Amino acid sequence: MKPKKKKKSMLFNENIDLKQRLFVLNLIVTLTVLAITFIEIIFTDEFLIDSIMLAVVMAFIVLVGIISVKTGKVGIGGVIIATLMSFGYFPITFINGGGINGDAPLWFIFNVLFVSMVLSGKVKIVFYVLQLLTAAACYFVGVAYPDIIHPNTYMMSHIYSFTALVFISIAVSVVIGLETGLYEKENKRSVKQKREIENLIASQNQFFSSMSHEIRTPINTIIGLNEMILREDVSDEVAEDAANIRAAGKLLLSLINDILDMSKFQSGQMHLTNVTYYTGNMLSDIVGMLWIRAKEKKLEFKINVSPDIPAELVGDEFRIKQILINILNNAIKYTKEGSISLSVQCERKNNDTVNMIYTITDTGIGIKKEDIPYLFTAFKRVDETENQHIEGTGLGLSIVKQLLDLMGGKITVNSIYTKGSTFIIEIPQKTNGEKQVGEFDYEKNHHIAKKGEYKQKFEAPDAKVLVVDDNESNILVVKKLLRATKVRIDTAVNGVDALGKTLNDSYNVIFMDHLMPEMDGIECFRKLRNQVGGNSRNAKVVILTANAGEEERELYRKEGFDGYLVKPVSGDDLESELYRLLPKDLVHVKGNSEEIINETISWMRVGQKKKNVVITTESVADLPKEILEKYDVQVIAHKVQTVEGTFKDGREIDTAGVLQYMEDKTKKILPLAPDVKEHESFFAKQLSRANNVVHVSISGKIENSGYPVAKEASRAFDNVHVFDSGHLSSGQGILVIEACKMAEEGLEPEEIVERLEKIRSKIHTSFIVDNLDFLARSKQVGNRTANFVKSLMGRPVLVLKRGKMGVGRIYFGSRKRAWKKYIDSTLSNMGRIDRSILFVTYVGISKRDQDWIRSQIVRKGKFEEIYFRQASPAIAVNCGAGTFGLLLKDKG
Ligand code: ADP
């Protein structure tokens, strides 16, 4: 009995791996069936060899089974046993046991079942196939070589088949029954474990939340009393120590908040509380909190709020503030000099929803490209050596990302290491009404100077304030922090005590703690509002608590408190709240308050709306200034390299200069594209005025192309799209114009690129050149060929096909004759050509010749605009004087 009990306990022992237990179960059942068969053979079979063979097989299975369970390698054990049975024992049984007139076919089925229970993955599939092939081979032998099969008598074949049917059916139902039992048990166990984990997380959450409450209370005392020291006229050393205490206290506090948030995310308890809020107030609160910090670091703080933003939105204002403060704080933290900017835009999604887009840009230390993927990982601080002296935990961005995921928003980061970063945050929000924020007036918002260094805002000696808290240190802090306001302060140590005071006295404002013995703040608040004969029933009540949780915030809002302050509370917070709630006739504003507000406003700029997409290109796109200005296209300059130095296209060297230089054929001159770093800076700058950039580059297939460089640089950004125009000069320019029109229509960057791809093949870029000298100079043709063509007065036409420049045709004879032929052939099919714009881009062609070219064009047909444009120096290098091209687009 004992071993059986042991086996059973092993089968149901939850500490043993389920796979191992299933393996043992299958072995036991298989061995049982084989043992019964063994007994049957002994009684019925005349061949001793059959029973010996079966005994050996059983012993082998037992041995392999024990070894594999002991070594924990049940997978290998399963394969060995399945091999023995599938390709050894059962095929032999088939031949020895009467072929299909015996029990072998049923054993084949049993064997398939064994494999499906014991093996897994690809091995299982391989076994199925091999088993099928083995069975097929056995059946084939049965048909082709019937003599090999040892026949059973008619009677015996029925007996074997029947007994196998019975045993195998019992075995199958036992295995399935027991396995189902095991799985059910396992299932119950995992449900139980899940519940235990949930309870554990809930208690962990509870622990964090009460820890946060407990820690906040002493920090309140530390920070509050420390603030009093800072307000005193103390020695520099004491002031410095106190400032350090303040910084450490704030860091500790933000750490507690972050850990609390992280634990909420982990336990799935982070919920959003959507309320209607005023966009302007929210923004000025944020700005008010951060501008002084920026100012302390001598950073310029630029604000650009688009006037069309809805004035009222519905969402979790508190969490949105948290996100923006976090990113702005980082911008200030990681910037040594320069500026930080906040730009706010919105995009209409449908009638009642907008996508709010907050772009925060700094000129700080930037983030390495390879670090960007890890920015949002909790506790991960990137570039630690560079940042070691900057305080932080690496939790902020992880929380920001998780909050945005919860809101259905997103965050993208663009950064150039050592130059600065741009964080773009998109949050969908419901609108409340059609009112727009307009030219947002910060002056009206009194929250502005809320959190800066201490500046007394007002005095109210006739105001009466009650502070209710069971912790005497907390009371002391509030009293001291409000001392400068000269308000009259009474105190109470719990709800009962407070109600005793409110019965007789009339208070303007009550600061009420939540958790207190005897009667807590909420109960006291309810009783106060209905207090019979109470003199403070209409007092403004602010809950002043160490409970910073989401649920509490919602609870206080529902209860109807007039304000909510979280400990540790600053003097500014208390004063601002008092200022907001006290009757204005009791308040005497001090001059400095206005000063602060005015100072804040001078830091702000309500500016133009940031674009969704801007189109950029290179100087080699040869677009006239008026078109660049009309479409606001920014251009990155290519360069020309000479022995005297490298010059920027158009800015440091002009086309005439290049032509002059080229007259001396011994002097080397080479067009050069800007490098990756230059492109990165260029793109970063563009992203401060737009959310996306579509950069139309010169064909990637020509020498010294800017395309591969721009493409490489774009990898540092999420929203820079580099498009290979497949053309150069004004051919590339025509694609730029098309892209600009699409951007004006409001197309997204991906759509613009998609459409440009279709237009690309409709552009024709060709130039007629005087000779092949320049190609010889750049070693694209040999000197001899160039001289030969020249001696025949051959004037080649260079054509751009599939991005590559090649010689298309050669016209012989005088310049004018060749030019005329070129114009006639290029404009031969006027019906096909888009007549809205034609570029005649030239190098070293006189005004008279230009007029002649124009007359020849007009003879062929009318264009709405014909632009004569001197090619940029980098293009001129490639073709030399006496060149011009007709660059145009097909219709459609
Ligand atoms: P921390 O508390 O370390 O600031 P965050 O999660 O807010 O944690 O940021 C993670 C890391 O990302 C920071 O340690 C810093 O290396 C980098 N980082 C965040 N914002 C900026 C920025 N504006 N400029 C440069 N690096 C930044």
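A residue counts as buried when its relative accessible area is under 20%. C524, with a relative accessible area of 2%, is therefore buried. The structure is a predicted model. The points below cover its cysteines, one helix pair and two open sheets with parallel pairing, one of five strands and one of four.

**Cysteines**

- C346 has a relative accessibility of 9% and so also falls in the buried class, for which the limit is under 20%.
- The structure contains zero disulfides.

**Helix 2 and helix 7**

- Helix 2 spans residues 18-44 and helix 7 spans residues 154-231; their axes come within 10 Å and cross at roughly 160 degrees.
- Because angles over 145 degrees count as roughly antiparallel, helix 2 and helix 7 are roughly antiparallel to each other.
- The crossing of helix 2 and helix 7 is right-handed.
- By class, the contact of helix 2 with helix 7 comprises 16 nonpolar, four polar and four charged residues.

**Five-stranded sheet**

- Five strands form an open sheet in the order 10-9-11-12-13, and the pairing is parallel.
- The edges are occupied by strand 10 (488-492) and strand 13 (563-566); each has a single partner strand, so one side of each lacks a neighbour in the sheet.
- On average, neighbouring strands of this sheet are turned by 20 degrees against each other, direction ignored.
- Strand 12 (residues 540-545) pairs with strand 13 in the parallel sense, over four bridges.
- V542 stands opposite G563, a residue of strand 13.

**Four-stranded sheet**

- The strand order of this open sheet is 16-15-20-21, with parallel pairing.
- Strand 16 (634-636) and strand 21 (720-724) lie at the edges; since each has a single partner strand, one side of each is left without a neighbour in the sheet.
- From one strand to the next, the twist averages 25 degrees.
- Strand 15 (residues 611-618) and strand 20 (residues 690-697) are paired in the parallel sense over six bridges.
- K611 stands opposite A690, which belongs to strand 20.

**Background on pairing**

- Strands of a sheet pair through backbone hydrogen bonds, in either a parallel or an antiparallel arrangement.
- In this model, the parallel arrangement is found in the sheet ordered 10-9-11-12-13 and in the sheet ordered 16-15-20-21.

Definitions and conventions. Residues are numbered from 1 along each chain as its sequence is written. This is a predicted model: local features need pLDDT of at least 70, side-chain atom pairs count only at pLDDT 80 or more; totals for chains, interfaces and linings use all residues. Side-chain values use heavy atoms; hydrogens and water are left out. A disulfide is a pair of cysteine sulfur atoms within 2.5 Å. Buried means under 20% relative accessible area, exposed over 50%, partly exposed in between (1.4 Å probe, protein chains only). Axes are lines fitted to C-alpha atoms, for helices over the stretch in contact, and angles run from 0 to 180 degrees between N-to-C directions. Angles under 35 degrees count as roughly parallel, over 145 as roughly antiparallel, 65 to 115 as roughly perpendicular and the rest as oblique. A crossing is left-handed if the near helix is turned anticlockwise from the far one by less than a right angle, and right-handed if clockwise. Ala, Val, Leu, Ile, Met, Phe, Trp, Tyr, Cys and Pro count as nonpolar, Asp, Glu, Lys and Arg as charged, and the others, Gly among them, as polar. Two strands pair if DSSP finds at least two bridges between them.
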